[in-house]
Amino acid sequence: MNKRLAKAAFNIVTQAKSEVPDSKTNQVICNIAGVGHVKGRKIVLTQSCRLAIEKVFSLELGQPLLSINFEAKTRTDSALNPDEKWAKEGVFANLICFTSLTSVPVAGMGNIPGGIILSCEPEQLDFSGVTAVVLVENGEVLKEWKQTAKLLPPPYNNAVAIYRGHGENIVKVKALINQLTLPVGLYFDYDPAGFAMAVREKTKSNHVILIPDAPTDVLRKLSKPETFEIQLPMANSWRSTDEVLIAQMDKLKKHELAVMQEKIAAASIPICTL
């Protein structure tokens, strides 16, 4: 039985619902328990119906329905549920993923070979021996960091590269970046969405946006028109009072630029600070 179905049954019982929408999910629940009757666009449920749902679903799940912790975040917290994979967070959801060609921000560790990515809890990180950090949008860039690092200006060419994350760890990465006082480069796809994201991340004076340093005609050859078309409405609604940022977004719009980080690395285009 899947989590969505079990949670819907749990809500019916715990919230003492006397009627629910006549949806596919609720139809399945009522069919499993053999209860309820349709009235208009609703399924009517009595107390005995809810008791039957609780009993039948407890048997189906192999444990009392009301004992399930649907709010468990980690697989460890969810270990007593019917399936530990019902945890809200992924296995690596709270970890910071990073790499470097020089020193890494973990006590007791020296250099690591290029291409190796490390993950750990934010509390385990120590940036006292790090000269700069680069926040990257795509995991592929982290994996092939040697390719991108050589294109960056000092001090970012010797930086620790941190993946911005996806899902739950985005918040932890953002908090970590905002705590740092060393130079932080924000390196995202050179397209309207990526640029807007970099602008949002630039919250402190030690933050700089990193962009490709190449003639417009070169960038146009690497651009993905279909990606730009998708992002155009967002670009048109984007607002700023900073003239430098406005000029950069205008450039993206005027020349219909949507250049991915991987393309910049593959074409060996130098990267500069904005």
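**Note on the predicted model: E137 and its surroundings**

1. The backbone nitrogen of D189 lies 2.7 Å from a polar atom of the E137 side chain, and this is a convenient place to begin reading what is a predicted model. The two residues are 52 positions apart along the chain, while their C-alpha atoms are separated by 7.0 Å.

2. E137 itself sits in the loop that runs between strand β6 (133-136) and helix α4 (139-143). Its relative accessibility is 17%, and because the limit for a buried residue is under 20%, E137 counts as buried. Leaving aside residues up to four places away in sequence, E137 touches Y163, R164, Y187, F188, D189, G194, M197 and Q261, so that D189, already named for the polar atom pair, also appears in this list of contacts.

3. Q261, one of the residues touched by E137, is placed in helix α11, which spans residues 261-266. Its relative accessible area is 0%, and Q261 is therefore buried. The side chain of Q261 makes a polar contact with the side chain of N138, at 2.9 Å. With residues up to four places away in sequence again left out, the neighbours that Q261 touches are V136, E137, N138, V141, Y187, F188 and D189; Y187, F188 and D189 are thus found in the contact lists of both E137 and Q261.

4. On aromatic pairs, the count comes to one. The ring centres of F195 and W238 are 6.1 Å apart and their planes stand at 55 degrees, so the pair is classed as tilted. The pair links distant parts of the chain, with F195 in helix α7 (residues 192-201) and W238 in the loop between α9 (225-237) and α10 (243-254), at a separation of 43 residues. Both F195 and W238 are buried.

5. Turning to helix packing, the axes of helix α1 (residues 3-14) and helix α3 (residues 47-61) come within 9 Å of each other and cross at roughly 150 degrees, and the crossing is left-handed. On the α1 side the contact is made by L5, A6, A9, I12 and V13, and on the α3 side by R50, I53, E54, F57 and L61. Sorted by class, this contact has eight nonpolar residues, no polar residues and two charged residues.

6. How exposed or buried is P155, which may be set beside the residues discussed above? With a relative accessible area of 30%, P155 is partly exposed. P155 is found in the loop between helix α5 (145-149) and strand β7 (160-163). Apart from residues up to four places away in sequence, P155 touches T131, A132 and P183. The C-alpha atoms of P155 and G185 lie 9.5 Å apart in space, while the two residues are 30 positions apart in sequence.

7. For the chain as a whole, the secondary structure comes to 11 helices and 10 strands. Of the 274 residues of the chain, 45% count as buried, a class to which E137, Q261, F195 and W238 belong. Among contacts in the chain with a separation of 6 or more, 64% are accounted for by residues 24 or more positions apart; the separation of 43 residues given for F195 and W238 may be read alongside that share.

Note on methods:
Residues numbered from 1 in each chain as written. Predicted model: local features only at pLDDT ≥ 70, side-chain atom pairs only at ≥ 80, totals over all residues. Heavy atoms only, no water. Helix = DSSP H or I, 4+ residues; strand = E, 2+ residues; numbered from the N terminus. Buried < 20%, exposed > 50% of the residue type's maximum accessible area, 1.4 Å probe, protein only. Contact = heavy atoms within 4.5 Å. Polar contact = N/O pair within 3.5 Å; in protein donor to acceptor, adjacent residues only side chain to side chain. Phe/Tyr/Trp six-rings, centres within 6.5 Å; stacked < 30°, edge-to-face > 60°. Axes fitted to C-alpha atoms, helices over the stretch in contact; angles between N-to-C directions. Left-handed = near helix turned anticlockwise from the far one by under 90°. Nonpolar A, V, L, I, M, F, W, Y, C, P; charged D, E, K, R; others polar.
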